[in-house]
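The following exercises are to be worked with the sequence and the coordinates at hand. Each task is followed by a solution in steps.

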Amino acid sequence: MSQKVRVRFAPSPTGPLHIGGVRTALYNYLFARKTGGTFILRIEDTDQARFVPGAEQYILDSLAWLGISPDEGVGADGPHSPYRQSERKALYKQYADQLLREGKAYIAFDSFEELEAMRTLYESKGSAFQYNALTRVKLRNSLALSKAEVDALLASETPYVIRLKVPAKGEIRFQDSVRDWVHVHTSSMDDKVLMKSDGMPTYHLANVVDDHIMEITHVIRGEEWLPSAPLHILLYQSFGWQAPQFAHLPLLLKPEGNGKLSKRDADLGGFPVFPMEWTDPQSSVISKGFKQEGYLPAATLNFLAFLGWNPGTEQELFSLDELVDAFSLERINKAGAKFDVNKAKWFNQQYLKQSDSKELAQVYLPNLPAKDADAFVQLFLDRVTFPQELGQLVHEFSQKPHAYDEVVLATKWNLEAQKGLQVLAASLPTCSTWDADGIKHTIHVALEEAGIKMGKVMQMLRVALSGNGAGPDLMISMQLWGKDEVNERINAALSVFPKLVS
RNA sequence: GGUCCGUUCGUCUAGGGGUUAGGACACGUCCCUUUCACGGAUGAAACACGGGUUCGAUUCCCGUACGGACUACCA
């Protein structure tokens with residue numbers, strides 16, 4: 001297989017893109033970049049009933065936000081246009097007809113109701129109904145019915161589907177990049193519908209036809225597709241095409257308990273499972289998005305990349321380029337990975353700290369003079385997980401305290417502290433150089449002259465100024481508040497504290 | 001139920017016939033710091049179970065258990 005690598009991400013526009021889908025897209029992207037191949041986006045909208053307006057644009061926007069946009073496909077165009085399956089409708093019928101002609105598929109007239117009845121019947125007998133070599137002879141299809149009957153049904157425009165005639169005996173095997181050899185007996189597969197009665201192909205047919213036509217070399221998709229992979233192999237064989245290399249990715253599991261990660265888990269856990277915020281067009285319900293929650297694209301990507309893949313080194317922080325460089329299909333794990341918000345937050349923090357403070361200032365503190373904003377960002381950057389916390393922190397910082405830490409007050413407020421604050425109230429206004437060093441010097445000198453230890457006063461000073469017992473560097477904070485504001489706050493505290501404590 | 005897939009610290013994982021089973025998140029302790037955060041150090045913490053194969057198995061094989069996915073004219 002020395003041909004050029006072509007991979008595709010093929011979501012269906014049935015709602016917001018799930019974060020597991022984003023990871024699938026990422027792995028496809030990484031593999032394409034790594035191998036110098038092409039990353040294609042194909043929209044699989046063959047289910048007319050589940051179509052959700054806006055979902056396709058959402059997919060495009062999400063990939064763009066993360067910087068993993070397709071090279072070819074919807075939103076990028078390319079030699080195999082169109083890339084929306086609904087617009088390729090006519091194509092699939094030809095291939096289904098080909099199978100029909102060659103006796104590898106057949107027409108089935110069974111209605112939903114009839115099939116449902118079969119299922120309940122089998123269920124009552126404790127087994128599961130399968131449309132296969134054993135049962136098809138007794139059902140309403142072109143294999144069981146006479147030619148005249150079939151023609152009559154066709155003439156009366158009875159709805160029908162086209163089903164694949166799965167051989168009664170045989171074994172399908174393929175070598176998955178993640179799981180190695182997988183084999184399955186055709187007897188356990190059923191005659192899957194290829195063409196639906198509405199004239200649309202099912203996923204199975206459309207995906208195989210398109211992957212072949214679009215010269216896809218590697219199909220990298222979620223593990224939920226593993227059970228139908230043998231069917232797809234069988235289709236490739238039926239057409240006489242070479243099947244692409246498959247790689248079935250481990251599932252993303254819910255953080256608590258077991259099972260596939262769902263939107264419900266996200267709501268419960270208070271974290272997003274969608275890359276961007278999504279408003280359901282029907283219910284207007286809003287779902288959280290990584291973007292809006294304050295996750296940086298690079299952090300999101302890094303976090304996602306490590307859910308099911310690992311470079312084998314001890315490096316944890318990887319830029320997109322580094323991920324591309326380190327990525328390989330062989331290092332993808334087999335077992336499902338639980339989604340851990342803590343880890344996601346940690347990644348975000350790491351990337352946030354590496355961010356340019358001026359840029360953050362511009363985006364998150366747009367109303368402040370650039371110089372101040374930058375100083376604030378530097379003061380608070382170590383203490384936030386998400387950038388939007390910066391705005392909140394700065395807002396609180398610039399407000400006069402409306403409450404004072406009671407615990408600190410109760411334990412640290414005494415005559416010595418009071419005297420210390422009085423000393424500072426008197427000496428700080430004389431500070432000639434109002435910057436962190438100058439302030440520190442002034443405080444040192446004043447307290448030393450008064451014979452008071454720093455430790456006895458400093459936390460009270462912090463409470464007096466901010467109301468809080470803990471916070472960022474006090475000297476820099478004071479510099480940012482400015483001399484007048486600091487004095488006001490100290491004097492206010494001096495008049496309030498005695499009352500609060502008594 | 002059937003088919004398929006999986007199982008190393010709580011979580012993400014490295015490793016792979018002989019290791020003190022390594023790292024990261026979270027957690028504990030200590031250091032740094034006037035405080036908190038950051039950072040640094042350190043601790044507790046894992047090979048699901050049972051059989052083989054082997055001088056030796058967490059690693060290979062087979063079972064069992066547990067978990068998951070799929071089982072639609074959905075993808």
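The domain bounds used below come from an automatic or database domain assignment. The model itself is predicted.

**Exercise 1.** State how chain A is divided into domains, and how far apart the centres of domain 1 and domain 2 lie.

*Solution.* Step 1: the assignment divides chain A into domain 1 (263-352), domain 2 (355-398) and domain 3 (406-501). Step 2: taken over C-alpha atoms, the centres of domain 1 and domain 2 are separated by 24 Å. Step 3: domain 1 gives 10 residues to the contact, and domain 2 gives eight residues.

**Exercise 2.** Characterise the interface of domain 1 and domain 2 by buried area, by salt bridges and by polar contacts.

*Solution.* Step 1: about 750 Å² is buried between domain 1 and domain 2, and carbon and sulfur atoms give 56% of this area. Step 2: a search for salt bridges across the interface of domain 1 and domain 2 finds zero. Step 3: the search for polar contacts across this interface finds four residue pairs, both residues of a pair being at pLDDT 80 or more.

**Exercise 3.** Determine which elements of domain 1 give two or more residues to the side that touches domain 2, and classify the residues of that side.

*Solution.* Step 1: the elements are helix 9 (290-293) and helix 12. Step 2: helix 12 supplies the largest share of this side of domain 1, five residues. Step 3: by class, the residues of the side that touches domain 2 are four nonpolar, four polar and two charged.

**Exercise 4.** Describe the protein surface near RNA strand B, beginning with the residues that come nearest.

*Solution.* Step 1: there are 62 residues around RNA strand B, and Lys196, Ser197, Asn310, Asp382 and Arg383 come nearest. Step 2: of the atoms of RNA strand B that come within 4 Å of the protein, sugar and phosphate account for 75%. Step 3: the surface near RNA strand B has 22 nonpolar, 17 polar and 23 charged residues. Step 4: helix 12 gives the largest share of this surface, five residues.

**Exercise 5.** Which protein atoms lie 2.7 Å, 2.8 Å and 3.0 Å from a sugar or linking oxygen of RNA strand B?

*Solution.* Step 1: at 2.7 Å there is a polar side-chain atom of Ser12. Step 2: at 2.8 Å there is an N or O atom in the side chain of Asp47. Step 3: at 3.0 Å there is a polar backbone atom of Phe306. Step 4: among the elements that give two or more residues to the surface near RNA strand B are helix 4 (112-124), strand 7 (180-185) and helix 19 (454-466).

Methods
Residues are numbered from 1 along each chain as its sequence is written. Chains are lettered from A and ligands numbered from 1 in the order in which they are written. This is a predicted model: local features need pLDDT of at least 70, side-chain atom pairs count only at pLDDT 80 or more; totals for chains, interfaces and linings use all residues. Side-chain values use heavy atoms; hydrogens and water are left out. A residue is near a molecule or strand if one of its heavy atoms lies within 4 Å of it. A polar contact is a pair of N or O atoms within 3.5 Å; within protein, one must be able to donate a hydrogen and the other to accept it, and residues adjacent in sequence count only if both atoms are side-chain atoms. Helices (H or I, at least four residues) and strands (E, at least two) are DSSP runs, numbered from the N terminus. Ala, Val, Leu, Ile, Met, Phe, Trp, Tyr, Cys and Pro count as nonpolar, Asp, Glu, Lys and Arg as charged, and the others, Gly among them, as polar. Contact means heavy atoms within 4.5 Å. Buried area is the accessible area (1.4 Å probe) that two parts lose on being put together, summed over both. A salt bridge is a side-chain nitrogen of Lys or Arg within 4 Å of a carboxyl oxygen of Asp or Glu.
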